[in-house]
Amino acid sequence: MDFETDFVKKFSDSVSQKRTHQPGIKPIQLIPNQYTYGRMPFSETERGAFLHLLAGGFHSVSLPFSFSFLSIDCQMLLYTESGSGALTHAGITTPLTARQLLFFDCAQRFSIQSDSLPWRFKIFFLAGGQLPIYGKYLKSEKAPCFYLEDYSPIHGQLTRLLGMETEAGLCQLVQMNQLLTDILSPLYLSKNPADTVSQAAGTPSYLIELKDYFDHHYKKPFSLDACQEHYKISKYRICREFSRYFGEPPLHYRNKIRLEAAKELLLTTEQNVHEISSIVGFENVNHFIKLFKKTYGNTPNAFKQMVSEGQCASRSPAQ
């Protein structure tokens, strides 16, 4: 049975379905892209070793809806760009708010409903690979949601998943597997930070506070002199101890976070280099371009063009 047939079959004939059925809103609209794998040099069982997409797409919903489903043998990723919705399972409702990424095991009854409209979200149903392991260790009482910072590479990875060919060959399957692994691995590590916890146990509290400031307020002005005054600790000691515990000096770490944010803005928006430089906290655009090229090997514009051409090539009919 193909996924579309199974998806429609598992659409529950519930009260909420009947109450919210409206013209132009049907459950099948949740999966505008459905993926097939007919050009594989191996069996369907072997294909299952790869993480891969079953269906999904991007939505901008302006009408209210609530769809209930029976158990579906897959996992779901849902990222809310703006507006909001909710997912309910086992009597527990999880809000799906802006910048939250949901990872959910669909092998249980659940419902998805809109809340604040318009609700703009990306949704993917996936299978294969190590998904049962991710599902086991990311499981919680509420459906697990993760807030994505501006600099998170997951923004770009989700966008690239949307650009994958629906009739996938081996190269596309390998790319899907890599993208999905790169998305799920940091989610697992954020929920199971064994190494981080053991390291943090011996890390001075002021360094943990400083790193958290860089992670969440990297756009704001910062100076080592002000830091020295705030903590009453020599700026040279701050640099030395930050490097010892986090592998690089504080200003290098902050710039890394800002450049990651800039890279994602380049790949996911149409803002120009001057705008992006300002958004991520660089006052001098030439300094920003110099650091970007030193880090990624190309100027921001050249990097964006290279990635764009690479994506076009990966989606070309010739491949």
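Student: Which side chain meets that of Asp225 in a salt bridge?

Tutor: In this predicted model, the closest approach in the pair is 2.8 Å, N to O. Asp225 lies in helix α9 (residues 224–231) and its partner in helix α10 (residues 235–246), so the pair ties together parts that are ten residues apart in sequence. The side chain that meets Asp225 is that of Lys235.

Student: Is Asp225 buried, partly exposed or exposed?

Tutor: Buried means under 20% relative accessible area and exposed means over 50%. Because its relative accessibility is 46%, Asp225 counts as partly exposed.

Student: How far apart in sequence are Lys304 and Glu270?

Tutor: Lys304 and Glu270 form a salt bridge, with their closest N and O atoms 4.0 Å apart. Lys304 belongs to helix α14 (residues 300–314), while Glu270 sits in the loop between α11 and α12 (273–279). The pair therefore links distant parts of the chain, whose separation is 34 residues.

Student: Which residue is linked with Glu81 and Lys122 in a network of salt bridges?

Tutor: The structure holds ten salt bridges. Glu81 and Lys122 belong to a network of such bridges, and the residue linked with them is Arg120.

Student: Which strands form the edges of the open sheet?

Tutor: The sheet has six strands in the order β1-β3-β10-β5-β8-β11, with antiparallel pairing. An edge strand pairs on one side only. The edge strands are β1 (33–34) and β11 (145–147).

Student: Which residue of β8 stands opposite Leu78?

Tutor: Strand β5 (residues 75–82) runs antiparallel to strand β8 (residues 100–105), and five bridges join them. Opposite Leu78 stands Leu102.

Student: At what angle do the axes of α5 and α6 cross?

Tutor: Helix α5 (residues 154–162) lies across β3 (52–61), β5, β8 and β10 (119–127). The two helices pass each other in a left-handed crossing. Their axes come within 9 Å, and the crossing angle is roughly 145°.

Student: How many nonpolar residues does the contact of α5 with α6 have?

Tutor: Residues of α5 in this contact include Ile154, Leu158 and Leu161, and those of α6 include Leu179, Ile183 and Leu187. By class, the contact has one polar and two charged residues, and its nonpolar residues number eight.

Student: Does Asn286 count as buried or exposed?

Tutor: Asn286 is placed in helix α13 (residues 285–296). The threshold for exposure is over 50% relative accessible area. Because its relative accessibility is 55%, Asn286 counts as exposed.

Definitions and conventions
Residues are numbered from 1 along each chain as its sequence is written. This is a predicted model: local features need pLDDT of at least 70, side-chain atom pairs count only at pLDDT 80 or more; totals for chains, interfaces and linings use all residues. Side-chain values use heavy atoms; hydrogens and water are left out. Helices (H or I, at least four residues) and strands (E, at least two) are DSSP runs, numbered from the N terminus. Buried means under 20% relative accessible area, exposed over 50%, partly exposed in between (1.4 Å probe, protein chains only). Two strands pair if DSSP finds at least two bridges between them. Contact means heavy atoms within 4.5 Å. Axes are lines fitted to C-alpha atoms, for helices over the stretch in contact, and angles run from 0 to 180 degrees between N-to-C directions. A crossing is left-handed if the near helix is turned anticlockwise from the far one by less than a right angle, and right-handed if clockwise. Ala, Val, Leu, Ile, Met, Phe, Trp, Tyr, Cys and Pro count as nonpolar, Asp, Glu, Lys and Arg as charged, and the others, Gly among them, as polar.
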